[in-house]
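Reader: I would like a close look at a single part of this chain, set against the chain as a whole. Please keep to what can be computed from the atoms.

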Amino acid sequence: MPSRRLGRSLGVDIVPFKTCTLDCIYCQLGKTTCKTIQRKEYVPVDDVLAELKQALDAGLQADYITIGGSGEPTLHSGIGRLIEGIKKLTKIPVALLTNGTLFYIPQVRADCAGADVILPSLDAGDEATFDKVNRPAEEITFDRLVDGLCDLRKEYKGLIWLEVFLIERFNTESPQIARIADAINQIRPDKVHLNTAVRPTAEPGVEKVSAEKLALIARRLGPNCEVIADFVSGRCGKATDTINQTLLSILKRRPCSLNDLCSALGLSAADAMSSLETLEKQGEIHRQTKAGQTFFKVR
């Protein structure tokens with residue numbers, strides 16, 4: 001899949017669709033259907049590793065193997081064994097895409113210690129905004145989130161790239177940015193990435209922040225803060241399956257624009273659109289417009 005932060009990323013999805021500790025209003029996958037903090041082995045680790053080995057043996061090329069997907073991956077109690085198993089199969093670095101809410105639990109921090117880079121989230125500077133934007137499970141609080149990320153920083157030897165997702169009128173006013181900056185100073189991530197709502201979201205009325213405003217906020221948040229640009233790949237990949245199947249597989253994970261898909265798969269716009277139109281006619285996908293840009297989604 002195309003990733004604005006990780007280049008060409010092989011996603012490893014280890015929890016059922018929308019099983020999460022949060023129900024963020026901006027989630028591009030829609031509303032959370034199972035909000036929980038229960039950790040268990042949602043899918044067998046050995047099965048995941050077997051599928052990954054097949055992909056590697058078939059010539060997989062990726063910049064990162066990214067554990068993330070359609071829910072919160074740290075809910076999987078076997079994530080530590082999974083990371084260890086991936087490391088035995090390949091030298092491709094392992095990234096963990098997480099909302100960071102369970103790092104207050106020592107076992108979760110220990111389980112994730114083998115990842116090369118952890119990419120958690122922080123979208124608020126106080127409890128009220130956290131509740132409004134992220135809508136956490138009852139056991140998750142803003143203080144627990146920040147304390148867990150601080151403890152992760154103390155113990156974890158790899159890179160932490162913190163994403164801050166900004167929504168106009170929700171968390172962009174000056175006092176809120178000051179509180180977010182204070183939390184960032186406590187957490188001490190290696191990088192801070194600013195993101196905003198450019199894709200279809202779980203709730204209506206979630207408005208993106210302008211590029212100019214994001215740039216101003218980035219300067220307030222410090223020298224290691226940058227605005228995430230749209231993914232552009234300078235390389236061409238070759239799909240290992242048919243184009244239609246590959247496109248459908250990507251769109252099951254998240255909405256994508258035509259440019260996203262062309263960049264990810266090394267396709268021309270004409271070839272990609274031909275396949276997308278076929279999938280539309282079959283009723284597999286549909287189009288949705290966000291801020292003047294068209295995205296393709298599974299039905």
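Which residues does Phe-142 touch, not counting residues up to four places away in sequence?

Author: This is a predicted model, in which local features need pLDDT of at least 70 and side-chain atom pairs count only at pLDDT 80 or more, while totals for chains, interfaces and linings use all residues. Residues are numbered from 1 along each chain as its sequence is written, and side-chain values use heavy atoms, with hydrogens and water left out.

Not counting residues up to four places away in sequence, Phe-142 touches Leu-122, Ala-124, Gly-125, Asp-126, Glu-127 and Phe-130. Contact here means heavy atoms within 4.5 Å. Phe-142 belongs to helix H5, residues 142-155. Helices (H or I, at least four residues) and strands (E, at least two) are DSSP runs, numbered from the N terminus. With a relative accessible area of 8%, Phe-142 is buried. Buried means under 20% relative accessible area, exposed over 50%, and partly exposed in between, with a 1.4 Å probe and protein chains only. Between the C-alpha atoms of Phe-142 and Ala-115, which are 27 residues apart along the chain, the separation is 24 Å.

Thr-141 sits in the loop between helix H4 (127-134) and H5. Thr-141 is partly exposed, at a relative accessible area of 27%. Leaving aside neighbours within four places in sequence, Thr-141 is in contact with Glu-127 and Phe-130. Both of these residues also appear among those that Phe-142 touches. The C-alpha atoms of Thr-141 and Ala-128 are 9.9 Å from each other, with their positions 13 residues apart along the chain.

Next, the strands. Strand E8 (residues 159-166) is joined to E9 by 6 bridges, and the two run parallel. Two strands pair if DSSP finds at least two bridges between them. Leu-162 has Val-192 in E9 as its bridge partner. Of the 6 residues of strand E9 (residues 191-196), 5 are buried, so this strand is largely enclosed by the rest of the structure.

Arg-169 is found in the loop between E8 and helix H6 (174-187). Its phi is near 75°, a positive value in a residue other than glycine. Most residues other than glycine have a negative phi. Arg-169 is exposed, with a relative accessible area of 55%. Lys-18 also has a positive phi, near 60°, and lies in the loop between strand E2 (7-13) and strand E3 (19-20). Lys-18 is buried, with a relative accessible area of 4%.

As for the whole chain, its secondary structure comes to 10 helices and 12 strands. The radius of gyration is 19 Å, close to the 19 Å that the globule rule gives for 299 residues, so the chain is as compact as a globular protein of that length. That radius is taken over C-alpha atoms, and the rule is 2.2 Å times the number of residues to the power 0.38. Along the principal axes, the C-alpha atoms fill a box of roughly 50 × 45 × 35 Å. Buried residues make up 53% of the 299. Among contacts between residues at least 6 apart in sequence, 73% join residues at least 24 apart.
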